[in-house]
Amino acid sequence: MSNQADLMDKLTSLAKRRGFIFQSSEIYGGLGSTWDYGPLGVELKRNVKNRWWRDVVTAREDVVGMDAAILMHPRVWEASGHVEQFHDPLVDDRNTKKRYRLDHLLEAQDREVIEHLSKDLLDRPIEGNVDVHTITGIVEAIMSHPDRVNLNDYNILADGKEADWTIPRQFNLMFKTLIGSSEESGVETYLRPETAQGIFVNFLNVQGTARAKLPFGIAQLGKAFRNEITTGNFLFRTREFEQMELEYFVRPGESAQWLDYWTNARLEWYASLGIRKDKLRLRPHSEDELAHYCITCFDVEYEFPFGWSELEGIADRGTYDLDRHAEYSGKKLSWFDPDTNEHIVPAVVEASAGVDRTVLTILTDAYHEEDAPKAGGEGVERRVVLRLSPDLAPITVAVFPLVNRDGMPELARKIVDDLRGDFAASYDAGGSIGRRYRRQDEAGTPFGITIDGQTLEDQTVTVRDRDSMEQERVAIDRVKAWLRGKMG
Ligand code: GAP
């Protein structure tokens, strides 16, 4: 196994061990690509969401929030283009009965296979690396006449093994559900595949009640569902996930400048979470990658162990969404400009991020293994540490009685109770002090406070910094100020 794949396995195992993330329905053998957040995970995720809401909504005068229902009228998904366009090309291997997403399958093939396909279907040789254009071009060529191309002529392997391919077909990613009391009379709709449409259909309600003037944004955070076929890489691509979406409404001629503003602002936001800057980049979409609603799009990407991958899409959607909903609903969706007495259909710049991908990025970026001096002993030992930013860490400060006697536990509990109103504080008395440090290092807890013999004499405690492992003595009545100073 490569070091990189190894890192994802280590992360998945740490996430389970420390109560960040568990496989969904684990006692029944698990449900593919769905994950549950445990006590530490739910705090980390909530901190990410709160941070986004603060930075994108409450700290700004030009953005308001909303929270739409997950179930929406079925016509919404016709108007949005999802019924017609939101699909992936899939192909089955008859030998193993396993299903593959065609573009992902091709990305995993040797160059000769892609060269052969490109020559036959695109009538051109490949210069340089096999890139996303070539793969997209081949997929489009196959899907325009799926029954005319026999994939078995191209030695396309399934996970490195010979395969017997079916004819590829398009597969819609939306989960269908029935609203109503019986199978016969129920109305078929979908679990929303994105939160954005809840914003577009409420454009008039929100704009009117907030008395918002262009440019302004509406933000929403919530669950979305996609019946993804290619899953894996832990939280990266799951069937149920949360999105943080901003739809920023602007005058049609001004969308390019706002796209520029939001791409830079969003890239900076990830760096502000403590994610290493050299692992982040912006990547423009090529023409053939653009979604059906997009004029221009940039992805914020992170360099994961499995390669550069999308964290967030920032797109100029033009007036596509409001135009389509106006057409399908028969309602005029525009904004009246009191200065010019004109009705304007605003263009939309969208910044669409995934909560779970952000959590995965934070965990991946924070994971470190290093040699560290043994706590209270000679020599060094290997320590695993999550260098989480203090304002995202699930526990900010852990308080340890050195031994479970001599009044130390009582004093430690008193300190924890006192800190709780201001910080995420936790009492930890289990095992040797060295084991407790290691446990809190793995949980990403940035600060530790130890109550020891000296505390009982002079009312000072030892405070420990997770990253430097340096320790200093601080008076109990100065601990809050010390922590505030460290949090910045
Ligand atoms: N409204 C536009 C939209 O939904 P998208 O690129 O399909 O655009 C936006 O999704 C973001 O949602 C992605 O950048 C990613 O962070 C997250 N996301 C999408 N599909 C996901 C999945 N299957 N699992 C986890 N996160 C996902």
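**Putting labels to the test**

Reader: Why is aspartate 422 called partly exposed?

Author: Aspartate 422 has a relative accessibility of 41%. Partly exposed covers the range between under 20%, which is buried, and over 50%, which is exposed, so aspartate 422 belongs in the middle class. Please bear in mind that this is a predicted model.

Reader: What makes arginine 484 and aspartate 422 a salt bridge?

Author: Their closest N and O atoms are 3.4 Å apart, and the rule asks for a side-chain nitrogen of Lys or Arg within 4 Å of a carboxyl oxygen of Asp or Glu. The pair therefore qualifies. Arginine 484 lies in helix H16 and aspartate 422 in the loop between H13 and strand E20, so the bridge ties together parts that are 62 residues apart in sequence. Arginine 484 is also partly exposed, at 45%.

Reader: How do you know that lysine 277 and glutamate 268 form a salt bridge?

Author: That one is a good test, as the N to O distance is 4.0 Å. The limit is within 4 Å, and the pair is counted as a salt bridge. The two partners fall into separate accessibility classes: lysine 277 is exposed at 58%, while glutamate 268 is partly exposed at 44%.

Reader: What separates aspartate 417 and arginine 420 along helix H13?

Author: About one helical turn, because they are three residues apart in that helix. They form a salt bridge, with closest N and O atoms 3.5 Å apart. Aspartate 417 is exposed, since its 52% is over 50%; arginine 420, at 46%, is partly exposed.

Reader: Why is threonine 238 called buried?

Author: Its relative accessibility is 6%, and buried means under 20%, so the label follows. Threonine 238 sits in the loop between strand E9 and E10. A polar atom of its side chain lies 3.0 Å from the backbone oxygen of glutamate 240.

Reader: What makes threonine 238 a polar contact of the ligand?

Author: One of its backbone N or O atoms lies 2.8 Å from a nitrogen atom of the ligand, and the limit for N or O pairs is within 3.5 Å. Polar side-chain atoms of glutamate 194, at 2.6 Å, and glutamate 228, at 2.9 Å, also lie within that limit of a ligand nitrogen. The protein buries 91% of the 550 Å² that the ligand exposes when taken alone.

Reader: Which strand gives the most to the shell around the ligand?

Author: Strand E13, with five residues. By class, the shell has six nonpolar, five polar and 10 charged residues.

Key: Residues numbered from 1 in each chain as written. Predicted model: local features only at pLDDT ≥ 70, side-chain atom pairs only at ≥ 80, totals over all residues. Heavy atoms only, no water. Polar contact = N/O pair within 3.5 Å; in protein donor to acceptor, adjacent residues only side chain to side chain. Areas by Shrake-Rupley, 256 points an atom, 1.4 Å probe, with all protein chains shown as cover. Helix = DSSP H or I, 4+ residues; strand = E, 2+ residues; numbered from the N terminus. Nonpolar A, V, L, I, M, F, W, Y, C, P; charged D, E, K, R; others polar. Buried < 20%, exposed > 50% of the residue type's maximum accessible area, 1.4 Å probe, protein only.
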